[in-house]
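Subject: Handing over a structure, with notes

Dear colleague,

I am passing on to you the structure shown below, and after it come my notes on what was found there. Please keep it open beside the text as you read.

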Amino acid sequence: LYKKKWATTSPRIPATRLALHHFDTTYSLQLQERWPAVRSAMLCEQKYGALLNNFASADLIAQQLELLSATDFVSQAARRARCWQENESVEVERRKTSLEGSGGDGMMVPAQTSPLLHASVSSNIKCYTFPRGDISRFHPAWPDSLGILSYYLMDAASLLPVLALNVQPDDLVLDLCAAPGGKTLALLQTGACGHLAANDVSISRTKRLYHILKSYVPKEIRETVSITSHDGRDWGELQGGTFHKVLVDVPCTTDRHSVMEEENNIFHKMRTKERQMLPMMQLQLLMAGILAAKPEGEVVYSTCSLSQLQNEHVVERAIDIAETQFNITVHVEDLSHFRMLFQDTFCFFSGCRLGELVLPHLTANFGPMYFCKLRRA
Ligand code: SAM
């Protein structure tokens, strides 16, 4: 009887505390001396970016944001990429000429060129952020004369998986776990999708996706997007080998949310099983994404967690299963140039075996965001 009374009146440990305890145990090992700073940042207010809506008639918006001293970090990175490429090309030419001069056959340019030579950043996407250390907030966006909102506030690091996908004109694109739709909206901002399929298993979250598209995208463009609510794990069977680009932005432990919000927290005791099953679910979704891609198609896998179990481990297992069970070779694309291109805006972790990871930091409080790009042979 005593035990029963104790059980019903014992204070419940908040899920946020359980999450923090779990992260203290795992991330202090994984991130070592970097963990305390990442932890402090995750417990503070996160920074947002303002994704400019190219579909709104908002000529003045960019100027107004610049007056607030916000800058478009995507255009900055694109300029930086172009500048580096020019320098690299000059350097390659110089080496070629010096080889010719030294009696070589002139074709013997050293094979090792920097990944920057191939770096390209979609200049159609524009996202404003306040400078490092500036914790100003953006005002909520306002509608233009047709009722379309001028910008979308999101974790600016969420754009990196979209930029990594590098959508090219007329690409058939699949966003496998699309809701509530921040990345879908960013994919549409490229203006390059030949067709965009946006899917999310959750009906209620798919409604949010519809709402976002309605608030930001004109009807004629909206109607070109096919929105579905399938279980993404079955996609490979439904429409295999179809897409040039696939985004697999999986459900995860949403680390920042888990240490800050009790509501809908995956560390609630009653969700333990669901949490433990996440890596398996992520693996199944990534496999479906790989199978949905055409040969030579590209897949970006992303999470907003720091967990190696949900990040690199899932990617490694997917590559292995693709090879052994489906006879599909999958290559990991090098994204290390992202670290250089976006170093002014984000704080990157340099210790990932595969893919890139944005670490929250008090002076650049975006992320966590993990992303890894795969190419199907
Ligand atoms: N990409 C979204 C964005 O940028 O706004 C966020 C996606 S969120 C990290 C993960 C999504 O996966 C959730 O909306 C969830 O409903 C969805 N999801 C979970 N299990 C799924 C499944 N089996 N198939 C498809 N979607 C799933």
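Let me begin with Pro368, which sits in the loop between β12 and β13; helices (H or I, at least four residues) and strands (E, at least two) are DSSP runs, numbered from the N terminus. The peptide bond that joins Gly367 to Pro368 is cis, with an omega of about 0°.

Before going further, please note that this is a predicted model, in which local features need pLDDT of at least 70 and side-chain atom pairs count only at pLDDT 80 or more, while totals for chains, interfaces and linings use all residues. Residues are numbered from 1 along each chain as its sequence is written, and side-chain values use heavy atoms, with hydrogens and water left out.

A cis peptide bond also joins Ala179 and Pro180, where omega is about 5°, and Pro180 belongs to the loop between β5 (171-175) and α7 (182-189). As background, most residues other than glycine have a negative phi, and most peptide bonds are trans.

Ala179 comes up again with Thr206, a residue of helix α8 (residues 203-216). Thr206 has a relative accessible area of 4% and is therefore buried (buried means under 20% relative accessible area, exposed over 50%, and partly exposed in between, with a 1.4 Å probe and protein chains only). Once neighbours within four places in sequence are left aside, Thr206 is in contact with Ala179, Asp200, Ile227, Thr228 and Ser229, where contact means heavy atoms within 4.5 Å.

Two helix pairs deserve a careful look. Helix α13 (residues 278-292) and helix α14 (residues 312-326) have axes that come within 9 Å and cross at roughly 50°; the axes are lines fitted to C-alpha atoms, for helices over the stretch in contact, and the angles run from 0 to 180 degrees between N-to-C directions. That crossing makes α13 oblique to α14, because angles under 35 degrees count as roughly parallel, over 145 as roughly antiparallel, 65 to 115 as roughly perpendicular and the rest as oblique. The crossing of α13 and α14 is right-handed (a crossing is left-handed if the near helix is turned anticlockwise from the far one by less than a right angle, and right-handed if clockwise). On the α13 side the contact is made by Pro279, Gln282, Leu283, Leu286, Met287, Ile290 and Leu291, and on the α14 side by Val314, Val315, Arg317, Ala318, Ile321, Ala322 and Phe326. Sorted by class, this contact of α13 with α14 has twelve nonpolar, one polar and one charged residues; Ala, Val, Leu, Ile, Met, Phe, Trp, Tyr, Cys and Pro count as nonpolar, Asp, Glu, Lys and Arg as charged, and the others, Gly among them, as polar.

Within α14, the buried residues are Glu312, Val314, Val315, Ala318, Ile319, Ile321 and Ala322, and what covers them includes α13, β9 (293-303), β10 (330-332) and β13 (369-376). Just after α14 comes Asn327, with a positive phi of about 60°, in the loop between α14 and β10. Asn327 is exposed, at a relative accessible area of 66%.

Glu312 also leads to Cys352, which lies in the loop between β11 (348-349) and β12 (356-358). With neighbours within four places in sequence set aside, Cys352 is in contact with Glu312, Leu357 and Tyr370, and Cys352 is buried, with a relative accessible area of 14%.

In the other pair, helix α2 (residues 15-31) and helix α3 (residues 35-42) pack at an angle of about 145°, their axes lying 9 Å apart, and this crossing of α2 and α3 is right-handed. Here Leu20, Phe23, Asp24, Tyr27, Ser28 and Leu31 in α2 meet Trp35, Val38, Arg39 and Met42 in α3, and by class the contact of α2 with α3 has seven nonpolar, one polar and two charged residues.

One more residue to look at is Asn264, whose phi is positive, at about 55°, although it is not a glycine. Asn264 lies in the loop between α11 (255-260) and α12 (272-276) and counts as exposed at 56% relative accessibility.

With best wishes
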